[in-house]
Amino acid sequence: MPADAVLQALGTDGRGLSATEAAARLERHGPNRLPEPPRPSALARLARQFANLLIVVLILAAVITALLGHWVDTGVILAVVVLNGVIGFVQEGRAEQALEALRDMLAPRAAVLRDGARLSVDAVHLVPGDIVLIEAGDRVPADLRLIAVANLTAEEAMLTGESLPVRKGLARVAVGAPLGDRAAMAFSGTMIAQGTGAGVVVATGAATQIGQISHMMQSVTVLTTPLIAQMSRFARVLTGFVLVVAALVLAFTTLLRGTPFAEAFIVVVGLIVAAIPEGLPAVLTVTLAIGVQRMAGRHAIIRRLPSIETLGAVSVICSDKTGTLTRNEMVVTRIATARGDAEVAGDGYAPEGTVGGTDDPAWPALGRIAALCNTAQLRHDGSWRVEGDPMEGALLALAGKLGAPWQDRPAPRATIPFDARYRYMAVLDQEMILAKGAPEALLARCDRALGVDGPLDRPAWEGRAEAIARQGMRVLALAHKPHDAATLDHGDLDGGLVLVGLVGLIDPPRPEAIAAVADCRRAGIAVKMITGDHAGTAAAIGRQIGLARPDRVLTGADIDALDDDALIGAADRTDIFARTSPEHKLRLVMALQAPGAVVAMTGDGVNDAPALKRADAGIAMGRKGSQAAREASDLVLADDNFASIAEAVRQGRTVYDNLKKVIAFLLPVNGGESMSLIVAVLFGLILPITPLQILWVNMLSSVALAMALAFEPPERGVMARPPRPAHAPILSRFVLWRVMLVSVLFTLGIFGQFQAAMAWGADLDVARTMAVNTLVAMEVFYLFSVRYRHGASATLQGAQGTPAVLIALAVVVALQVLLTYAPPLRMLFGTAPLSLGQLAACVGAGVLLLAVLEIDKRAAALWRRNPTGESA
Ligand code: ATP
């Protein structure tokens, strides 16, 4: 149908629906949302918890103990299996909820006309009849019949399989034309590749073409990162190793020592249970989920989980200028015409204020270009606000101050939308082309200035633009030209333009960005600014926010002149890149990565996607960013603020630290337990701890304590150390050494306590109970040691602990009291009550452990200062 007929049929016009009508239609048509893909049932998710080698081994052990008639063991092992499954199930559910909440924070928005005014709404609130504005980088929010297009192309591969963007138009197409040929439609879910346009919504939600495709691609979120994958591989290898050792021990005891099989098997089960860190996967996942939530609380939304680790290793951050380092609250404060410069006064976006100096004949033309070559709108609700590009909002305010009609503006007859590649935009208004853009782009196309006879003095104007830019202002040139055709394209601007004037806009740096840049530099991270803006403006802003080398600027043209090898050195030495286009960003990322840097790169435009994908951490802007950039990124900044990047790096480092702490905590506990058993078997000694008691410790005390580590706040000085090398193994030499040392200390503690108790004539049950309590006491003290990987633990702050640590501590103490004194547990686990003196001996072993570890940590710190020492 022709566009007009569609508008009529949907009961709307070019001004859009009224708010009440839109609400009524929302009621009728429902939200503009695709039906959710079916989720795996709770049962399936629960079942998945048991599809795990560790658990299968435990289940086998339960079966064999049952066959041997050791019912208590069977019961406890099965209880552990079930408990493990339930914990995994609950934690996974919570982690998924956290991710879902993030998804909601990233919900797409759409620009609509309602009651004639431009408005940004949640895309789910769109209804048939709404007029939607679209531009390059948007995902089309609903099926639209286009009513205006300017150089509009859309990528429709997801619907039609056509990989090249298709050009859109307004003309009717034949009834029954295939989707790919319906050029007058923009389909929900497709991506706008170029240009701008407007369309009327004809279908929403499940009624859209994409909604009718039943087999939708579902994106599966997997809670894993390279580190966690590495750990689960490690756990598998460990399990295999443990099984082999267990088999050897079984053979050794039955064949060489002549122990009856049933008895030997129980020992072997104990060994398996002792060696496998059952709680590790669950605790790692929780640590990650907490990191994601903390980042979201600081406006940094993780789209791909592995990047949370990468962020901790970032060594270079490449940031946009406008809106990220600066506020993106623009005000025109200077205009320069042939007559001279004038200062503009006023407040924010208010379209009122004064322009200094005497009246200038160029002002009306300047105001008209500012108002009409403009897609933004100003709105007054308490204060003046912009819908659309803030720079254009500032130009509307200027138009108001110059007395030009900025409110009810006629729609242009044709438009060349702004495109970062050309750096200008132009419209056709009546018989005039009105253009605005970067001075370099427009001055070359102008051949005279308004009010001046003779050719344009280009060098003089370039000098004036330069002078404004050097003050940190963004400079735009405004020009016009008579034109009597009804169409407009780039060729029409080649020559013959009349320069009307320059405007200078200030966009002050964000104070928090200044602090964050300093933080990053202290953390050994290089901060670089990559901007489309003028070199002079970029250098001035770079100096204000504290970049390391603000005087050296590389422009896009300079980059073009360098080959890839030369760019590697130049990119490393430079902190400011100006007048760049998205292609330069991609080359810069690669040049920075070549010598091994881990690069975070921000972006907002549709053409930034390749650079964002290529960067180690691609960061998109939540507010001004296009959907295309967001989908290519790992991280979205809800507030577009550079400070949030620094915060994300801090959290990334913290998560990595905490994952390491969890690993460093759990491995030696298991190591100590299994070594105690192996020693006992090899030397034919009585087991100091029974398999059941080990299960108790592993499933309850260890998990409770390790969970507390997931909540550890950033260590002091987390942003005062250099980034970790990208490929540093998680089990560094220091951690491996630690795991071994602590395993041995745990073995000594368990064994020593047990043997001492026996030597003092204690009952076997009492001696074992002392061994278990010693093990747990040592765990608790070891927890305090592990909490500070980069500093001493035996400090006041260290002793106080976080709420999570204190809760875990209380839980563990309560559990041990129950195990030691509650009759039912005593029966089940073969424990016996201890005297105060005996308890003190257990705690004493823990204190001793902490002391030894503190000495080792100090020694390691000295070792680290030695240049041959490896960093922990
Ligand atoms: P940054 O990369 O720091 O965020 P930016 O995104 O603002 O900067 P671009 O959007 O690529 O950079 O703009 C580059 C230049 O194009 C600007 O300096 C300005 O001269 C010009 N320009 C930007 N927006 C418009 C517009 N809407 N109309 C005309 N010219 C524009």
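Reader: Which residues around the ligand come nearest?
Author: This is a predicted model: local features need pLDDT of at least 70, side-chain atom pairs count only at pLDDT 80 or more, and totals for chains, interfaces and linings use all residues. Residues are numbered from 1 along each chain as its sequence is written, and side-chain values use heavy atoms, with hydrogens and water left out. The ligand has 22 residues around it, where near means that a heavy atom of the residue lies within 4 Å. Those that come nearest are Lys 321, Thr 322, Arg 474, Thr 531 and Arg 579.

Reader: How far is a polar side-chain atom of Arg 474 from an oxygen atom of the ligand?
Author: A polar contact is a pair of N or O atoms within 3.5 Å; within protein, one must be able to donate a hydrogen and the other to accept it, and residues adjacent in sequence count only if both atoms are side-chain atoms. A side-chain N or O atom of Asp 533 is 3.2 Å from a ligand oxygen. For Arg 579, the distance is 3.1 Å. For Arg 474, it is 2.6 Å.

Reader: What share of the ligand's exposed area does the protein bury?
Author: Accessible areas come from the Shrake-Rupley method with a 1.4 Å probe; for residues, only the protein chains shown count as cover. Taken alone, the ligand exposes 620 Å². Of that area, the protein buries 90%.

Reader: Which element gives the most to the shell around the ligand?
Author: Helices (H or I, at least four residues) and strands (E, at least two) are DSSP runs, numbered from the N terminus. Helix H13 (390-401), strand E16 (432-437) and strand E18 (474-482) each supply at least two shell residues. The element that gives the most, with three residues, is E18.

Reader: From which domains does the shell draw at least three residues each?
Author: Domain bounds come from an automatic or database domain assignment. The shell around the ligand draws at least three residues from each of domain 3 (298-326 + 510-647) and domain 4 (331-506).

Reader: What is the angle between the planes of Tyr 422 and Tyr 424?
Author: Rings of Phe, Tyr and Trp (its six-membered ring) pair if their centres lie within 6.5 Å; planes under 30 degrees apart count as stacked, over 60 as edge-to-face and the rest as tilted. The count is six aromatic pairs. Tyr 422 and Tyr 424 form a tilted pair, 6.2 Å centre to centre. Their planes stand apart by 50 degrees.

Reader: Is Tyr 424 buried or exposed?
Author: Buried means under 20% relative accessible area, exposed over 50%, partly exposed in between (1.4 Å probe, protein chains only). Tyr 422 has 36%, so it counts as partly exposed. Tyr 424 has 0%, so it counts as buried.

Reader: What is the phi of Arg 423?
Author: Most residues other than glycine have a negative phi. Arg 423 sits in the loop between strand E14 (414-416) and strand E15 (424-429), and is buried at 19%. Its phi is positive, near 65 degrees.

Reader: Where is His 299, a residue with positive phi?
Author: His 299 is not a glycine, yet its phi is about 70 degrees. At 39% relative accessibility, His 299 is partly exposed. Its place is in the loop between helix H10 (280-297) and strand E8 (300-302).

Reader: How many Å apart in space are Ala 246 and Trp 363?
Author: Ala 246 lies in helix H8 (226-256) and is buried at 3%. In sequence, Ala 246 and Trp 363 are 117 residues apart. C-alpha to C-alpha, the separation is 89 Å.
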